[in-house]
Amino acid sequence: MQRDIIDRLSRLDHLIRIKGTGTPAQLAERLNLSERSIYDYINFMKGLGCPIKFDSYRESYFYEEEGFFVIAFFSKNKLKPLLENYSHELNE
């Protein structure tokens, strides 16, 4: 069950990043969820700080700023190089 939730969040994040969600109804069909569940997932992500908006012209959700959603555990030793690499990318 928890793995399904994480998989859905990951897939939702990917679709938002590529601006390929479609309308909430289309997204619900694509993810095999109810439209109500789509709104619940979107609100959950927003509650965690994801800057999600809906573009009615493109009919897709998108992030207001570039980034991605991650649910993971990183040890201190593994996190430091990841943050350094990400920081380097941001400064390019």
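**Exercise 1. Which elements cover the buried residues of α2, and where on the helix do those residues sit?**

*Solution.* Start with the cover: the elements packed over the buried residues of α2 include α1 (2–17), α3 (35–47), β1 (52–55) and β2 (60–63). Keep in mind as you work that this is a predicted model.

Next, find the buried residues themselves. Helix α2 spans residues 24–31, and its buried residues are Pro24, Leu27, Ala28 and Leu31. They cover an arc of only 100° around the axis, so they lie on the same side of α2. A general rule helps here: an α-helix has 3.6 residues a turn, so residues three or four places apart point the same way.

**Exercise 2. Describe the overall layout of the chain.**

*Solution.* First count the elements: the protein chain has 4 helices and 2 strands. Then put them in order along the sequence, which gives the pattern α-α-α-β-β-α.

Now look at the dimensions. The C-alpha trace spans about 40 × 35 × 20 Å along its principal axes. Of the 92 residues in the chain, 25% are buried. Finally, consider the contacts with a separation of 6 or more: 47% of them are between residues 24 or more positions apart.

**Exercise 3. Which residues of the largest nonpolar core touch the most other members?**

*Solution.* The largest nonpolar core has 17 residues, and those that touch the most other members are Leu12, Ile16, Met45 and Ile52. Two or more residues of this core come from each of α1, α2, α3 and β2.

Take Leu12 as a worked case. Leaving aside residues up to four places away in sequence, Leu12 touches Leu27, Leu31, Tyr41, Ile42 and Met45. Two of these, Leu27 and Leu31, are already familiar from the buried residues of α2.

**Exercise 4. Is Asp13 buried or exposed, and what does Asp13 touch?**

*Solution.* Begin by placing Asp13, which is in helix α1. Its relative accessible area is 3%; buried means under 20%, so Asp13 is buried. Then list the neighbours: not counting residues up to four places away in sequence, Asp13 touches Met45, Tyr63, Phe68 and Phe69.

**Exercise 5. Compare the settings of Lys19 and Asn32, two residues with a positive phi.**

*Solution.* The background comes first: most residues other than glycine have a negative phi.

- Lys19 is not a glycine, yet has a positive phi of about 55°. Lys19 lies in the loop between α1 and α2. With 37% relative accessibility, Lys19 counts as partly exposed.
- Asn32 is not a glycine either, and has a positive phi of about 60°. Asn32 comes just after α2, in the loop between α2 and α3. Asn32 is exposed, at a relative accessible area of 70%.

**Exercise 6. How are β1 and β2 joined?**

*Solution.* Check the direction and the bridges: β1 and β2 run antiparallel, and 4 bridges join them. For one pairing, follow Lys53 across to β2, where the bridge partner is Phe62.

Next, look at the connection. The two strands form a hairpin with 4 residues between them. In the turn, Glu59 has a positive phi of about 55°.

**Exercise 7. What kind of aromatic pair do Phe54 and Tyr61 form?**

*Solution.* The structure holds 1 aromatic pair. The ring centres of Phe54 and Tyr61 are 5.0 Å apart and the planes are at 70°, so this pair is edge-to-face. The cut-off behind that step is that planes over 60 degrees apart count as edge-to-face.

Now ask about exposure. Phe54 counts as partly exposed, at 35% relative accessibility, whereas Tyr61 counts as buried, at 6%.

**Exercise 8. Where does UniProt place the feature "domain: Helix-turn-helix type", and what does the chain look like there?**

*Solution.* According to UniProt, in an unreviewed entry, this feature is at residues 19–53. Over that stretch the chain is 60% helix and 6% strand. To finish, compare the two ends of the stretch: their C-alpha atoms are 10 Å apart.

Note on methods. Residues are numbered from 1 along each chain as its sequence is written. This is a predicted model: local features need pLDDT of at least 70, side-chain atom pairs count only at pLDDT 80 or more; totals for chains, interfaces and linings use all residues. Side-chain values use heavy atoms; hydrogens and water are left out. Buried means under 20% relative accessible area, exposed over 50%, partly exposed in between (1.4 Å probe, protein chains only). The arc is that of the directions from the helix axis to the C-beta atoms. Contact means heavy atoms within 4.5 Å. A nonpolar core is a set of buried Ala, Val, Leu, Ile, Met, Phe, Trp, Tyr and Cys residues joined through side-chain atoms within 4.5 Å. Two strands pair if DSSP finds at least two bridges between them. Rings of Phe, Tyr and Trp (its six-membered ring) pair if their centres lie within 6.5 Å; planes under 30 degrees apart count as stacked, over 60 as edge-to-face and the rest as tilted. UniProt positions are given in the numbering used here, feature names are shortened, and annotations may be inferred rather than shown by experiment.
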